[in-house]
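These are my notebook entries on contacts between side chains. I record each look-up in the order in which I made it.

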Amino acid sequence: LKPGTIVDVADPDTTRFWEYVGSLPAFHTPKYSYLAHTTTDSLPGVLRYTLFMVMAHGTPLGQSWFSKPDSGYSVDNLPPLAPHSPLAQAAPGGMNVSWQPNSEADLWEYRVYRGADSSFVPSPANLVGHTALTHLFDPAGSPGARYKLTAVDIHGNAGSYSLVTAVADVGGESTLHFALAALSPNPVRGSRLSADIVLTRPAGARLELLDVAGRRIASKELGSLTAGRHVVVLDLSAEVTPGLYLVRLSQGAESRIRRVAVLK
């Protein structure tokens, strides 16, 4: 049997159908163990149990014994890594805080806190804001302020903090790295896809949606945006069918590509 196969075990004590997970050879030992995944993680205050049952086969084939069903639950207690490469620089009317995206599949959002020195303790009182993107504007920020950033997953696990000091001048364009930093939402269920991009110079750029064969499905000319971080919205028309696509950001000879799933 392949994992995932649905089996009717004809157990006289139950009318359930079971999903085959895996098997172990019998060595006539007193105990056996097997690492089996639960169907979903539990949430705080909500325990989601997964039922398990063990079936033993004897020789000749046809002999079977069934254990009593038992259940268990799993809890996601693994936080994301700290956001890396944070940058806090002056912008008109405040400070722009940015960082590189995390790679965890269950990432939910980032939270940014501000304090007067590096020893401040993040709390709701000094929370600047939270976002699913990789930058946040702080209208009350000023050079010299300290920021602490943390990543949070869908189960509320917050990782360790990255510390960055706000500066008035980051030293010109050489500190920026051309990037297609993040896509939101991903997967897409509507007709709008936001791309978090970083440009290193004020030159024409283009954002494209390609199918897996490299054919252009949608495109947006970005014009001559200033160097820095920008959020660009790409319209996914009704002609975009569900599937896996590539988003490409290009500026001159440079390009960056990220995958996106369309579910609409």
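Is glutamate 221 buried or exposed? I looked up its relative accessibility, found 52%, and entered glutamate 221 as exposed. My terms are as follows: buried means under 20% relative accessible area, exposed means over 50%, and partly exposed lies in between, with a 1.4 Å probe and protein chains only.

I note that this is a predicted model, in which local features need pLDDT of at least 70 and side-chain atom pairs count only at pLDDT 80 or more, while totals for chains, interfaces and linings use all residues. Residues are numbered from 1 along each chain as its sequence is written, and side-chain values use heavy atoms, with hydrogens and water left out.

**Entry on salt bridges**

Side chains of opposite charge can pair when their charged atoms come close. I counted a salt bridge where a side-chain nitrogen of Lys or Arg is within 4 Å of a carboxyl oxygen of Asp or Glu. By this rule I obtained 8 salt bridges.

I began with glutamate 221, which forms a salt bridge with arginine 206, the closest N and O atoms being 2.7 Å apart. This pair links distant parts of the chain, since glutamate 221 is in strand β19 (residues 216–223) and arginine 206 is in strand β18, 15 residues apart. Strands (E, at least two residues) are DSSP runs, numbered from the N terminus. I then saw that salt bridges with shared partners join Arg206, Glu208, Arg216, Glu221 and Arg248 into one network.

Arginine 206 also forms a salt bridge with glutamate 208, and here the closest N and O atoms are 3.8 Å apart. Glutamate 208 is buried, at 2% relative accessible area, whereas arginine 206 is partly exposed, at 29%.

I next looked up glutamate 254 and arginine 201, whose side chains meet in a salt bridge of 3.5 Å, N to O. Glutamate 254 is in strand β22 (residues 254–262) and arginine 201 is in the loop between β17 (192–199) and β18 (205–211), so the pair links distant parts of the chain, 53 residues apart. Glutamate 254 is partly exposed, with a relative accessible area of 29%; for arginine 201 I entered partly exposed, also with 29%.

**Entry on aromatic rings**

I counted 3 aromatic pairs, where rings of Phe, Tyr and Trp (its six-membered ring) have centres within 6.5 Å; planes under 30 degrees apart count as stacked, over 60 as edge-to-face and the rest as tilted. The ring centres of tyrosine 49 and tyrosine 73 are 5.3 Å apart and their planes lie at 80°, so I entered this pair as edge-to-face. Tyrosine 73 is partly exposed, at 40% relative accessibility.

Notes:
Helix = DSSP H or I, 4+ residues; strand = E, 2+ residues; numbered from the N terminus.
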